[in-house]
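Got a few minutes to walk through a fold? Have the sequence and the 3D view open side by side.

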Amino acid sequence: MGDHKEQPLRVGAAVRRRRRSLQLTLAVVAERSGLSVPFLSQIENDRARPSTGSLEKVADALRTTAVELLAAADPACSVDVVRADVTEATGPGPEPRSRSLVRGHHQMHASEFTGEQDPGREFQYRNDQLLYVADGAVEIEAEGRAYRLGRGDTLYLTGGVRHRWRATEPDTRVVVVAVAEHIEAVRDRDRGRKR
């Protein structure tokens with residue numbers, strides 16, 4: 001009860017993200033699509049659900065497809081429970097493993113890693129991320145510096161920082177929370193610096 005089920009999609013945020021990435025106003029999209037500015041505003045704020053025809057007009061105006069907008073849409077539910085006993089873990093044998101803590105296409109992604117990770121594997125994410133050591137200890141190399149983290153410690157990395165990490169104790173669990181790749185957070189941060 002209360003677990004996430006297939007929910008209708010909220011396409012408004014996907015439309016808004018696409019429009020803003022093209023630096024278009026609602027008026028320009030309205031002119032290109034033949035739809036009114038108030039209706040487009042209602043779509044972006046999820047106060048109106050566009051018909052298939054209207055969504056195709058919006059997609060054409062945004063130089064994309066309705067399928068792409070739907071793929072980038074957010075689920076309508078605001079609560080989703082991911083149970084610990086659901087086995088979505090990957091990895092050979094009992095360790096190392098990882099499991100996603102967030103299902104679907106959202107603005108945030110979170111994963112739990114258990115066991116030894118490949119210390120030679122380098123990571124670089126486009127957007128910011130936070131590593132939290134739930135159990136055990138890790139060594140993290142980032143920006144040419146080494147960091148030792150124990151249970152309860154966190155490390156924040158801005159987007160673009162190359163890093164690698166490894167567990168230094170058995171049964172280490174690390175939770176990684178990151179801004180999803182489809183979000184333009186890096187570009188937004190860069191714009192803020194120019195002001």
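What follows is a quick tour of the chain as a whole, then its sheets, its ring pairs and one glutamine.

Keep in mind that this is a predicted model. The protein chain has six helices and ten strands. Eight of the strands turn up below because they sit in the two open sheets, β3-β4-β10-β5-β8 and β7-β6-β9.

**The chain overall**

- Of the 195 residues in the protein chain, 35% are buried.
- The accessible surface of the protein chain adds up to about 11,800 Å², and carbon and sulfur atoms account for 49% of that.
- Take the contacts between residues at least 6 apart in sequence: 65% of them join residues at least 24 apart.

**The five-strand sheet**

- This open sheet runs in the order β3-β4-β10-β5-β8, and its pairing is antiparallel.
- The edges are β3 (97-100) and β8 (154-157), each of which pairs on one side only.
- From one strand to the next, the twist averages 20°.
- Inside the sheet, β4 (residues 108-114) and β10 (residues 173-179) pair in the antiparallel sense over seven bridges.
- To find your way along that pairing, look for Phe113, which stands opposite Val174 in β10.

**The three-strand sheet**

- The second open sheet has the order β7-β6-β9, again with antiparallel pairing.
- β7 (145-150) and β9 are its edges; each has a single partner strand, so one side of each is left without a neighbour in the sheet.
- Neighbouring strands here are turned by 20° against each other on average, with direction ignored.
- β6 (residues 137-142) pairs with β9 in the antiparallel sense over five bridges.
- A handy landmark on this sheet is Glu139, which stands opposite Arg166 in β9.

**Aromatic pairs**

- The structure holds two aromatic pairs.
- One is Phe113 with Trp165: the ring centres are 5.9 Å apart and the planes meet at 75°, so the pair is edge-to-face.
- Phe113 lies in strand β4 and Trp165 in strand β9 (residues 163-167), so this pair ties together parts that are 52 residues apart in sequence.
- Both partners, Phe113 and Trp165, are buried.
- The other is Phe123 with Tyr125: the ring centres are 6.2 Å apart and the planes are at 5°, so this pair is stacked.
- Are the two members of that stacked pair buried or partly exposed? Phe123 counts as buried because its relative accessibility is 11%, while Tyr125 is partly exposed, with a relative accessible area of 27%.

**A closer look at Gln129**

- Gln129 belongs to strand β5 (residues 129-135), a member of the five-strand sheet.
- Why does Gln129 count as buried? Its relative accessibility is 2%, and the cut-off for buried is under 20%.
- Which side chain joins Gln129 in a polar contact? That would be His163, at 2.8 Å.
- Setting aside neighbours within four places in sequence, Gln129 is in contact with Leu155, Tyr156, Leu157, His163, Val176, Val177 and Ala178.
- You can place several of those partners on the strands described above: β8 covers 154-157, β9 covers residues 163-167 and β10 covers residues 173-179.

Technical notes
Residues numbered from 1 in each chain as written. Predicted model: local features only at pLDDT ≥ 70, side-chain atom pairs only at ≥ 80, totals over all residues. Heavy atoms only, no water. Helix = DSSP H or I, 4+ residues; strand = E, 2+ residues; numbered from the N terminus. Buried < 20%, exposed > 50% of the residue type's maximum accessible area, 1.4 Å probe, protein only. Polar contact = N/O pair within 3.5 Å; in protein donor to acceptor, adjacent residues only side chain to side chain. Contact = heavy atoms within 4.5 Å. Areas by Shrake-Rupley, 256 points an atom, 1.4 Å probe, with all protein chains shown as cover. Pairing = 2+ DSSP bridges. Axes fitted to C-alpha atoms, helices over the stretch in contact; angles between N-to-C directions. Phe/Tyr/Trp six-rings, centres within 6.5 Å; stacked < 30°, edge-to-face > 60°.
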